[in-house]
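Student: I'm new to this one and would like to go through it slowly. Could you put it up so that we can talk it over?

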Amino acid sequence: MNIVLLLAHSIEEHDQVRLLSSLGYDVFSIGAYADPAHPGDDKRPPIPEAADHPELRAACQTRREEREGRDGPPGDRIDWAKADLPDAVIEWADVLICHHIEHTWLVPQWSRLRHKRVIWRTVGQSVEHNERLMRPLRDAGLQIVRYSPKERNIPGYLGEDALIRFWKDPAEWGGWTGEAPRIINVTQHLRQREPWTNWSFWEAATAGLPRVPLGPGSEAIGGPGALDYDTMRQWLRSSRAYLYTGTQPASYTLGLIEAMMTGIPVVSIGPSWMRAFPYGPALFEGHELTGKRPGLWGGQWVEDDTVRQLDFDDPADARLALRCLLDDEDMARQMGADQRRRAIELFGRETVGAAWRDFLGTP
């Protein structure tokens with residue numbers, strides 16, 4: 001089975017090329033992993049075991065040269081290899097899976113694609129507007145794979161043919177030690193993308209605590225900036241706790257999975273902060289995925305002979321939880337182990353790989 005992938009997120013692209021290829025599918029991705037052995041992005045390593053299709057890459061490059069600068073305004077960022085797929089790519093494909101920018105990559109050229117099996121794979125960026133734009137394609141046979149059950153709360157929801165979550169490899173993400181008493185967060189431009197990244201929650205919950213924001217743009221708020229793959233994983237393994245602030249309107253992100261599967265204990269922001277869209281709180285899942293436990297996760301907390309209810313919509317309560325994790329390494333270890341088990345159950349390669357194989361069919 002030949003599968004063409006259309007993505008605008010190199011980390012997600014890496015994961016999908018790697019997974020589908022390992023399941024036996026022949027994959028061509030128009031993006032950073034068009035040549036899987038020499039990716040055009042350093043955020044994730046090469047995938048030399050994936051198939052290479054130089055003839056399809058060449059067709060995409062020719063299409064870009066034909067149309068870029070001619071069919072759009074100056075500085076137009078449209079990738080014409082995706083927005084106007086070469087005939088050779090369409091002919092080669094048995095299945096086309098679009099993860100991003102579906103309004104540009106699927107809708108205008110639907111008449112050229114509809115004779116193929118076309119799948120819209122939602123990734124936490126769909127809101128009411130996206131659902132409305134895709135209704136004609138859905139009515140004409142477009143399949144939809146959802147990444148979270150919370151997407152069912154989107155107004156105008158178009159339904160689903162399958163629910164398949166993001167995935168990570170437990171053999172690659174693990175080994176938490178937590179010897180460094182600090183709180184971390186890995187988010188691209190955490191401060192610069194406020195309010196979409198809820199930086200103000202991070203600031204209120206961690207002020208005065210040992211904290212290090214990580215990722216591109218973090219140097220503006222006391223972090224080291226962009227990290228290479230191995231260095232980022234080492235930060236996750238060695239740090240005591242992780243404060244997850246989400247990225248609106250996503251139900252959850254790859255970063256949350258990577259933290260949970262590493263085993264670093266994660267405190268999640270609550271849903272009331274997801275207010276960029278009126279229905280945003282109903283889409284958020286992070287606080288449920290990290291879990292609620294008596295004594296911390298939304299249960300009872302004993303402090304100074306009093307009992308109180310923790311509310312992780314309140315930065316003060318998130319701060320209390322983080323302080324306890326900094327002070328109690330045994331609690332942190334137990335919590336991280338519980339969350340890692342849940343991450344493997346929901347997002348592990350075995351679970352997610354089986355779901356894709358069931359949905360796509362025999363390679």
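Student: Let's start with α14: what span should its 19 residues have, and how far apart are its end C-alpha atoms?

Tutor: Keep in mind that this is a predicted model. Helix α14 covers residues 329–347, and at 1.5 Å a residue its 19 residues should span 27 Å, while its end C-alpha atoms are 26 Å apart, which agrees.

Student: Okay, and which residues of α14 are buried?

Tutor: The buried residues in α14 are A332, M335, G336, Q339, A343, L346 and F347. Seen down the axis of α14, these buried residues fall within an arc of 100 degrees, so they line one face of the helix.

Student: Why would residues that are spread out along a helix point the same way?

Tutor: An α-helix has 3.6 residues a turn, so residues three or four places apart point the same way.

Student: What do the buried residues of α14 pack against?

Tutor: They pack against β9, α10, β10 (266–268), α12 (286–290), α13 (315–327) and α15. On the other side of α14, by contrast, D330, R341 and E345 are exposed.

Student: And which residue caps the N-terminal end of α14?

Tutor: That is D328, which has a side-chain oxygen lying 3.2 Å from the backbone nitrogen of D330.

Student: You mentioned α15 among the packing partners, so which of its residues are buried?

Tutor: In α15 the buried residues are V352, G353, W356, F359 and L360. Seen down the axis of α15, they fall within an arc of 130 degrees, so they too line one face of their helix. E350 and D358 are exposed on the other side of α15.

Student: Does the span work out there as well, or what do we get for α15?

Tutor: Helix α15 runs over residues 349–360, and its 12 residues should span 16 Å at 1.5 Å a residue; the end C-alpha atoms of α15 are 16 Å apart, which agrees. Just after α15 comes G361, which takes a positive phi of about 100 degrees.

Student: Switching to the backbone, which residue other than glycine has a positive phi of about 50 degrees?

Tutor: That is I101, which has this positive phi although it is not a glycine. I101 is placed in the loop between β3 (95–98) and α5 (102–105), and at 32% relative accessibility it counts as partly exposed.

Student: What about H189, what is its phi?

Tutor: The phi of H189 is near 55 degrees, again a positive value in a residue other than glycine. H189 lies in the loop between β7 and α8, and with a relative accessible area of 29% it is partly exposed.

Student: Which residues does a cis peptide bond join in this model, say with omega of about 10 degrees?

Tutor: Those are E194 and P195, and P195 sits in the loop between β7 (180–186) and α8 (199–206). A cis peptide bond also joins Q248 and P249, with omega of about 5 degrees, and P249 is found in the loop between β9 (239–244) and α10 (254–262).

Student: Last topic: is N130 buried or exposed?

Tutor: N130 is buried, with a relative accessible area of 14%, and it lies in helix α7, residues 128–139.

Student: And what is N130 in contact with, apart from its neighbours within four places in sequence?

Tutor: Leaving those neighbours aside, N130 is in contact with E102, W120 and Q125. As for Y157, which is 27 residues from N130 along the chain, the C-alpha atoms of the two are separated by 9.4 Å.

Terms used:
Residues are numbered from 1 along each chain as its sequence is written. This is a predicted model: local features need pLDDT of at least 70, side-chain atom pairs count only at pLDDT 80 or more; totals for chains, interfaces and linings use all residues. Side-chain values use heavy atoms; hydrogens and water are left out. Helices (H or I, at least four residues) and strands (E, at least two) are DSSP runs, numbered from the N terminus. Buried means under 20% relative accessible area, exposed over 50%, partly exposed in between (1.4 Å probe, protein chains only). Contact means heavy atoms within 4.5 Å. The expected span of a helix is 1.5 Å times one less than its number of residues. The arc is that of the directions from the helix axis to the C-beta atoms. A polar contact is a pair of N or O atoms within 3.5 Å; within protein, one must be able to donate a hydrogen and the other to accept it, and residues adjacent in sequence count only if both atoms are side-chain atoms.
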